[in-house]
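Biologist: I am new to this structure and would like a close look at a single part of it, the aromatic rings and what surrounds them. Could you take me through that part slowly, in one connected account?

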Amino acid sequence: MKAGKFMLLTGLCAIGFASPVLCQQTLPGVTVIAANYKYLKTVGGKQVVVPVTRLQRTAASYDVKNSEYYEEDYDTYFISFILPEGQILAAYDANGKLLRTAEKYKDIRLPAAVTNAVVSRFPNWSIAKDVYIVNYYDQNGGNAQKKYKLLLQNGTKRIRVQVNENGEF
């Protein structure tokens, strides 16, 4: 009886050690590339704040073909992404490529170039409200227009200005 258990145990161990060797296959190399890397490269920046980055990455990684809205009959899909800090309206083609976006973010932390430009041009004024607007178009490798619409206040006086990401009015 003991010899039978020993033989069974030895046989199972031999099969357990041999099976991984027999089952190994060489798989081809796989390179993972984000489908919408041009979008992220174009709209991203050094001083983009976390809510903006989070929403942009969500839009870039969205899979139209696996969504509940996908039907083979349509050429373009419009999908909205919303956070309390902002929103993106994105247009995708039938293959899931991001064609264009319209983005709007309110009261976010401004880049240093923008705040420095406002302080130097408008001393004694404070920024009461800010809106960051991004419009992305997938033409010639991707093009994005980024601007900040600011409401400046000095006592009871108010003015509206537009500044690009480099601090140019």
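Modeller: What follows goes through the aromatic pairs and then turns to a charged residue beside them. Please keep in mind that this is a predicted model. Searching the whole structure gives eight aromatic pairs, and a good place to begin is the pair formed by Tyr-39 and Tyr-136, which is edge-to-face, with 5.1 Å centre to centre and 75° between the planes. Because Tyr-39 belongs to helix α2 (residues 37-43) while Tyr-136 belongs to strand β4 (residues 126-137), this pair ties together parts that are 97 residues apart in sequence. Both of these residues, Tyr-39 and Tyr-136, are buried.

Another of the pairs joins Tyr-132 and Tyr-148, and here the rings are stacked, at 4.5 Å centre to centre and 20° between the planes. This pair, too, links distant parts of the chain, since Tyr-132 is in strand β4 and Tyr-148 is in strand β5 (residues 143-154), 16 residues apart. Tyr-132 and Tyr-148 are each buried.

Two of these tyrosines lead to Glu-103, a residue of strand β3 (residues 98-106). Leaving aside residues up to four places away in sequence, Glu-103 touches a set of residues that includes Tyr-39 and Tyr-132, and among the others are Val-43, Gln-56, Ile-88 and Val-134. What is the nearest side chain of opposite charge to Glu-103, and how far away is it? That side chain is Lys-146, which is 8.9 Å away, and Glu-103, although buried, has no salt bridge. The side chain of Glu-103 does have polar contacts, however: one of 2.9 Å joins it to the side chain of Gln-56, and another, of 2.7 Å, joins it to the side chain of Tyr-105.

Elsewhere, ring pairs link Tyr-62, Phe-81 and Tyr-92 into a cluster. A ring can also be met by a charge, as with Phe-169, over whose ring the charged end of Arg-121 sits, 4.5 Å from the ring's centre.

Finally, helix α4 (residues 112-121) also contains Ala-113, which is partly exposed, with a relative accessible area of 31%. Not counting residues up to four places away in sequence, Ala-113 touches Gln-47, Glu-165, Asn-166 and Gly-167. Of these contacts, the one with Gln-47 involves residues that are 66 apart in sequence, and their C-alpha atoms are 9.6 Å apart in space.

Definitions and conventions:
Residues are numbered from 1 along each chain as its sequence is written. This is a predicted model: local features need pLDDT of at least 70, side-chain atom pairs count only at pLDDT 80 or more; totals for chains, interfaces and linings use all residues. Side-chain values use heavy atoms; hydrogens and water are left out. Rings of Phe, Tyr and Trp (its six-membered ring) pair if their centres lie within 6.5 Å; planes under 30 degrees apart count as stacked, over 60 as edge-to-face and the rest as tilted. Helices (H or I, at least four residues) and strands (E, at least two) are DSSP runs, numbered from the N terminus. Buried means under 20% relative accessible area, exposed over 50%, partly exposed in between (1.4 Å probe, protein chains only). A charge sits over a ring if NZ of Lys or CZ of Arg is within 6 Å of the ring centre and within 35 degrees of the ring normal. Contact means heavy atoms within 4.5 Å. Lys and Arg count as positive and Asp and Glu as negative; His and the chain ends are not counted. A salt bridge is a side-chain nitrogen of Lys or Arg within 4 Å of a carboxyl oxygen of Asp or Glu. A polar contact is a pair of N or O atoms within 3.5 Å; within protein, one must be able to donate a hydrogen and the other to accept it, and residues adjacent in sequence count only if both atoms are side-chain atoms.
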